[in-house]
Amino acid sequence: MDYPWHLYLLASIYVLAGILHFIVPKIYLRIMPRYLPNHKLLVSLSGVAEIILGLGLCLPATKNYSIIGIILMLTVFLLVHFYMLSGEKESAGIPKWILILRIPLQFVLIYWAYSYLGL
């Protein structure tokens, strides 16, 4: 099946984001909520999940499962975004206006993935 180029762009974004979890894990470790256990493991698992889900978008047999996985993953990641708004240390030095803009962006990403469901 021939998918639109923007589906491959979305897939590339997730694969790249997943790879970055292993190249620069400190970025992700800095934003992990304190109440979650084993930050290194969670950063690695989320990186692997992003890579697998991104690649899965490109295969007809796994595309819809990957879309559902991405939607669920982005929903869980909202917890991190709200956590980062809870204080100066939690923000990891990122300006508050950027943190606030990330929340609607998360919903845009969810909709972008959802728009390919059943395609």
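# Briefing on a predicted helical model

Setting aside neighbours within four places in sequence, isoleucine 70 is in contact with Tyr14, Leu53, Leu57 and Ala113. The structure is a predicted model, and the points below take up its nonpolar cores, its largest pocket, its salt bridge and some single residues. Isoleucine 70 is a useful place to begin, since Ile70 is among the residues with the most contacts inside the largest nonpolar core.

**Nonpolar cores**

- The largest nonpolar core has 16 residues, and those with the most contacts inside it are Leu10, Tyr14, Leu57, Ile67, Ile70, Leu74 and Ala113.
- Two or more residues of this core come from each of helix H1 (5–23), helix H4 (63–84) and helix H5 (96–114), and H4 gives the most, with 5 residues.
- Apart from this core there is a second, separate one of 5 residues, which includes Ile31, Val80, Met84 and Ala92.
- As background for reading both cores, nonpolar side chains in soluble globular proteins tend to be buried together.

**The largest pocket**

- The largest pocket has a volume of about 800 Å³, and of the 29 residues that line it, the closest to its centre are Tyr28, Ile31, Phe77, His81 and Arg102.
- At least two residues of the lining are supplied by each of H1, helix H2 (25–30), helix H3 (39–56), H4 and H5.
- H4 gives the most to the lining of the largest pocket, with 7 residues, and H4 also gives the most to the largest nonpolar core.
- Sorted by class, the lining of the largest pocket consists of 22 nonpolar, 4 polar and 3 charged residues.
- Ile31 can be placed in two of these descriptions, for Ile31 belongs to the second core and is also listed among the residues closest to the centre of the largest pocket.

**The salt bridge**

- The structure holds 1 salt bridge, which arginine 34 forms with glutamate 90, and the closest N and O atoms of this pair are 2.5 Å apart.
- The pair links distant parts of the chain, for arginine 34 lies in the loop between H2 and H3 while glutamate 90 lies in the loop between H4 and H5, 56 residues apart.
- Arginine 34 counts as exposed because its relative accessibility is 52%, and values over 50% fall in that class.
- Glutamate 90 is instead buried, because its relative accessible area is 13%, and the limit for that class is under 20%.

**Residues with a positive phi**

- Most residues other than glycine have a negative phi, and the next two points describe residues that depart from that tendency.
- Asparagine 38, found in the loop between H2 and H3, has a positive phi of about 45 degrees although it is not a glycine.
- Alanine 92, found in the loop between H4 and H5, likewise is not a glycine and has a positive phi, of about 55 degrees.
- Alanine 92 is also buried, with a relative accessible area of 14%, and Ala92 is one of the residues of the second core.

**Single residues in the helices and loops**

- Serine 46 is found in helix H3 and counts as buried, because its relative accessibility is 15%.
- Serine 46 touches His21 and Phe77 when residues up to four places away in sequence are not counted, and Phe77 is among the residues closest to the centre of the largest pocket.
- The C-alpha atoms of serine 46 and alanine 17 are separated by 9.6 Å, although these residues are 29 residues apart along the chain.
- Tyrosine 35, in the loop between H2 and H3, counts as exposed at 53% relative accessibility, yet tyrosine 35 touches Leu79 and Tyr83 when residues up to four places away in sequence are not counted.
- Tyrosine 35 and glycine 69 are 34 residues apart in sequence, and their C-alpha atoms are 23 Å apart in space.
- Proline 104 has its place in helix H5 and counts as partly exposed, because its relative accessibility is 43%.
- Proline 104 and leucine 53 are 51 residues apart in sequence and 22 Å apart in space, from C-alpha to C-alpha, and Leu53 is one of the contacts of isoleucine 70.

Methods: Residues numbered from 1 in each chain as written. Predicted model: local features only at pLDDT ≥ 70, side-chain atom pairs only at ≥ 80, totals over all residues. Heavy atoms only, no water. Core = buried A, V, L, I, M, F, W, Y, C linked by side-chain atoms within 4.5 Å. Buried < 20%, exposed > 50% of the residue type's maximum accessible area, 1.4 Å probe, protein only. Helix = DSSP H or I, 4+ residues; strand = E, 2+ residues; numbered from the N terminus. Contact = heavy atoms within 4.5 Å. 1 Å grid on protein atoms, 1.4 Å probe; cavity = no way out; pocket = protein on both sides within 12 Å on 5 of 7 lines; lining within 4 Å. Points joined across faces, edges and corners; volume = space filled by probe spheres on them. Nonpolar A, V, L, I, M, F, W, Y, C, P; charged D, E, K, R; others polar. Salt bridge = Lys/Arg side-chain N within 4 Å of Asp/Glu carboxyl O.
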